[in-house]
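I opened my notebook with the structure beside me and wanted to look up how its aromatic rings are arranged, before turning to a helix.

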Amino acid sequence: MPAAVEFTVHHSFSQSSRTVWDEMIDWKGHEKWIPLTTVDLGPEPQDQVGSTFTAFTGVWKIGLEDRMRVTQIDWNEETSTGTCWVEKLGPILLGRAGFTVRPDESGTGSSVEWIEDVQAKYLPGFVAPIAGKVGAIGFQQGMKSLAKVLDRG
């Protein structure tokens with residue numbers, strides 16, 4: 001039985017929610033802030049439901065292939081809030097992941113909530129809590145890297 005790995009990461013940015021949103025839905029752009037990751041895009045426009053992409057995190061052929069399909073991608077201009085969900089299609093990770101970007105309380109910056117709710121094939125269930133902690137740390141580092149990318153403009 002695959003391990004159920006779940007975690008949520010929160011991060012604050014000094015940039016507007018629209019700036020952060022635009023960067024986060026640029027799937028190819030994830031290569032700039034997720035270490036050792038390359039992204040191959042599907043043939044569809046990337047900012048709509050149904051678009052597909054594959055992220056590979058690793059070195060050479062050793063790593064994790066993560067195929068995904070966008071199931072929700074909504075930007076609300078009135079509230080400056082965006083929500084995106086992707087379905088994990090394998091071959092190792094199944095389930096879903098998503099994020100919400102919204103203005104922070106000061107109104108000058110923004111905050112991101114990133115959620116992963118996946119089943120990891122070949123990973124024993126008793127390892128799931130550790131995998132969740134490692135995944136959360138990895139995504140926290142990714143958010144810090146994204147903030148640096150945005151700071152450089």
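I looked first for ring pairs and found that they link Phe7, Trp21, Trp27, Phe53, Trp75, Phe99, Trp114 and Phe139 into a cluster. Rings of Phe, Tyr and Trp (its six-membered ring) pair if their centres lie within 6.5 Å, and planes under 30 degrees apart count as stacked, over 60 as edge-to-face and the rest as tilted. By this rule I count 7 aromatic pairs. Trp27 and Phe53 make one that is stacked, with 4.4 Å from centre to centre and 10 degrees between the planes. This pair links distant parts of the chain, since Trp27 lies in the loop between H1 and strand E2 (37-41) and Phe53 in strand E3 (residues 52-59), 26 residues apart. Trp27 and Phe53 are both buried, a word that stands for under 20% relative accessible area (1.4 Å probe, protein chains only).

I note that this is a predicted model, in which local features need pLDDT of at least 70 and side-chain atom pairs count only at pLDDT 80 or more, while totals for chains, interfaces and linings use all residues. Residues are numbered from 1 along each chain as its sequence is written, and side-chain values use heavy atoms, with hydrogens and water left out.

Next I looked up helix H2 (residues 128-152; helices are DSSP runs of H or I with at least four residues, strands of E with at least two, numbered from the N terminus). Its buried residues include Gly135, Met143 and Leu146, and the buried residues of H2 pack against strand E1 (3-13), helix H1 (17-24) and strand E7 (110-120), where contact means heavy atoms within 4.5 Å. After H2 comes Gly153, whose phi is positive, near 75 degrees.

Technical notes: The expected span of a helix is 1.5 Å times one less than its number of residues. Buried means under 20% relative accessible area, exposed over 50%, partly exposed in between (1.4 Å probe, protein chains only).
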